[in-house]
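Trainee: Could you take me through the inside of this protein, with a close look at its main nonpolar core? After that, I would enjoy a tour of whatever surrounds it.

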Amino acid sequence: MDNHLKHTMKHTKRKLAGLALAFSLILATAASAKIAVGDYIDLSGYVGASARYQKTDRDQGVADDDSAKLDLDALKLSASLKYNALSAKVSAYVPGSTLDDANSDGVFITEAYLSYAPGKGFTVSGGRFLSWIGYEPFDLDQQWNLTAGLGPMSHLVPNYHDGVRLEYTSGKISLGVAALDSVYNDEYAVVSLGRHLPTAAPYRGDTDARNGLGGEFTIRYQDEAFSFGATLAAEWNSDTFKDGAYAPDLSRGDIDYGLYVFDFWAQYYLSCTKTTLGAEFIYQRISPKNSSGIYQESLAAGDTLFDATQYAVLLSARQELTDRWSVAGTASFGELKYFDESTALRFAKVAVSPCFALAKNIDLRAEASWTNYSEDTRYNWDSGRSNACKEEYFAGVQMVFKF
């Protein structure tokens with residue numbers, strides 16, 4: 001038996017063992033939303049698996065490709081502690097190959113923070129926590145679709161980062177400010193503008209405060225019918241994009257930059273028809289400062305490094321048909337301009353996702369989606385050859401157990 005086959009079998013056994021454990025926990029507690037452990041600790045989590053098919057129509061002269069997967073999507077187990085003014089949360093997250101093929105062998109601590117609420121609406125927290133940026137939930141048990149509604153622009157939404165944050169809540173309004181080691185997990189991937197590169201820290205901050213710091217400020221409003229959130233993030237970074245640890249063929253110099261992200265979303269619930277409507281606008285700007293390597297050579301040749309900008313718009317709706325049936329739909333579009341002001345990406349995506357609640361804590365979902373690329377040069381920046389996407393077709397079925 002060769003080493004690759006042994007590794008595959010070992011990986012499969014590990015996933016099956018994790019699934020079996022999660023199924024046992026969930027089915028044993030199917031009547032409750034959380035598992036209480038004593039007076040102060042609650043356990044919660046989910047496990048999801050899916051069958052997925054995707055076909056990509058590429059540029060003329062480049063072979064199209066398709067993929068079919070049947071695998072774990074993600075498994076998560078969280079422990080929450082509450083004792084007087086103190087609270088804490090720790091979460092272990094296992095991504096599957098359908099959502100994160102590069103890290104599907106790992107177990108990640110996505111949340112690990114301690115909070116203190118001194119009173120009068122204030123809460124201070126420190127550790128690793130989920131970003132305030134983004135309308136679509138990170139966790140499977142709260143999602144409507146199998147794929148991100150923002151499609152190829154989903155990289156604009158950070159997941160987890162490390163730092164400290166202060167929150168203030170008064171009635172229906174919440175304010176928050178956070179100091180972070182980085183806004184995104186990996187600065188290399190940030191400068192590469194969303195190309196799917198392996199990252200050393202997929203569900204945490206970049207763990208290096210010496211190369212720059214970031215921050216987030218948010219304001220939110222929520223009542224039974226209407227809610228909105230606006231978040232501004234900024235980061236000033238230096239000494240990045242240099243060492244080739246993740247993708248040696250793309251590492252050709254250093255670039256210092258300022259990073260700015262603005263995200264606004266709003267949601268309205270019509271109780272008379274049980275309809276939820278949502279919208280989001282997200283914008284990112286990277287402003288290069290000093291540079292070296294190929295960047296410095298470009299400047300010496302008289303070229304100019306402009307700001308790289310990206311934006312995306314998401315519209316979504318979810319209709320409850322019966323107590324068990326619902327259907328959701330999303331439409332999105334966006335554009336990416338690189339440092340030379342060329343349009344590297346322009347897309348539009350539509351998706352439809354029906355959902356059936358098999359039980360209180362078990363959902364069966366499906367999705368059919370189509371993505372059109374009117375411009376896509378992400379794949380030939382460094383290779384010098386075209387490998388552009390023209391269209392993508394996706395279909396999948398997913399089951400999610402949650403507790």
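Mentor: Gladly, and let us begin right in the middle of your request. The largest nonpolar core has 28 residues, and the members that touch the most others are M153, L259, V261, I282 and I286. Several elements supply at least two residues each to this core: helix 3 (187–191), strand 11 (255–270), strand 12 (275–291), strand 13 (308–320) and strand 15 (343–359). Among the contributors, strand 11 gives the most, with four residues.

L259 is a good place to zoom in. Leaving out residues up to four places away in sequence, L259 touches V183, Y184 and V190, then A233, A234 and E235, and finally Q284, R285 and I286. Apart from this core there is a second, separate one of eight residues, including F108, L140, Y203 and V400.

Before we go further, a word on how far to trust the picture. This is a predicted model, with a mean pLDDT of 84 for the protein and 78% of its residues at 70 or more. Two stretches call for care. Over residues 1–10 pLDDT stays under 50, and the model has three contacts beyond four places in sequence for them. Residues 242–251 also stay under 50, yet for these the model has 16 contacts beyond four places in sequence. Where pLDDT is low, the predicted coordinates should not be read in detail.

Now for the overall plan. The protein has four helices and 17 strands. It has 403 residues, of which 44% count as buried. If you take the contacts with a separation of 6 or more, residues 24 or more positions apart account for 63% of them.

Back to strand 13, one of the suppliers of the largest core. T309 is found in this strand. With a relative accessible area of 16%, T309 falls under the 20% cut-off and is therefore buried. Its contacts, again without residues up to four places away in sequence, come in two runs: Y283, Q284 and R285, and then E335, L336 and K337. Notice that Q284 and R285 are on the contact list of L259 as well.

Next, look at strand 3 (residues 65–83), where you will find S78. S78 is buried, because its relative accessible area is 5%. The side chains of S78 and S91 are joined by a polar contact of 2.6 Å. Beyond neighbours within four places in sequence, S78 is in contact with D42, L43 and S44, with K89, V90 and S91, and with E111.

Strands 6 and 7 make a nice pair of viewpoints on one contact. F122 is in strand 6 (residues 122–130), while E167 belongs to strand 7 (residues 160–170). The two residues are 45 apart in sequence, with 5.7 Å between their C-alpha atoms. F122 counts as partly exposed, because its relative accessible area is 37%; E167, at 25%, is partly exposed too. From the side of F122, the contacts beyond four places in sequence are Y116, A117, L166, E167 and Y168. From the side of E167, they are G121, F122, T123, S125, W132, L175 and G176. E167 can also be placed against I219: 52 residues separate them in sequence, and 9.7 Å from C-alpha to C-alpha.

Let us finish with the rings. A search of the whole structure finds 16 aromatic pairs. One of them joins Y221 and F226, a tilted pair with 6.3 Å from centre to centre and 40° between the planes. Y221 is partly exposed, because its relative accessibility is 21%, and F226 is partly exposed at 32%.

There is also an aromatic cluster made up of Y93, F108, F138, Y160 and Y203. You have met F108 and Y203 already, as members of the second core.

Last of all, find R165. Its charged end sits over the ring of F129, 4.2 Å from the ring centre. The charged end of R165 also sits over the ring of Y113, at 5.6 Å from that centre.

Definitions and conventions:
Residues are numbered from 1 along each chain as its sequence is written. This is a predicted model: local features need pLDDT of at least 70, side-chain atom pairs count only at pLDDT 80 or more; totals for chains, interfaces and linings use all residues. Side-chain values use heavy atoms; hydrogens and water are left out. A nonpolar core is a set of buried Ala, Val, Leu, Ile, Met, Phe, Trp, Tyr and Cys residues joined through side-chain atoms within 4.5 Å. Buried means under 20% relative accessible area, exposed over 50%, partly exposed in between (1.4 Å probe, protein chains only). Contact means heavy atoms within 4.5 Å. Rings of Phe, Tyr and Trp (its six-membered ring) pair if their centres lie within 6.5 Å; planes under 30 degrees apart count as stacked, over 60 as edge-to-face and the rest as tilted. A charge sits over a ring if NZ of Lys or CZ of Arg is within 6 Å of the ring centre and within 35 degrees of the ring normal. A polar contact is a pair of N or O atoms within 3.5 Å; within protein, one must be able to donate a hydrogen and the other to accept it, and residues adjacent in sequence count only if both atoms are side-chain atoms. pLDDT is the predictor's confidence in each residue, from 0 to 100.
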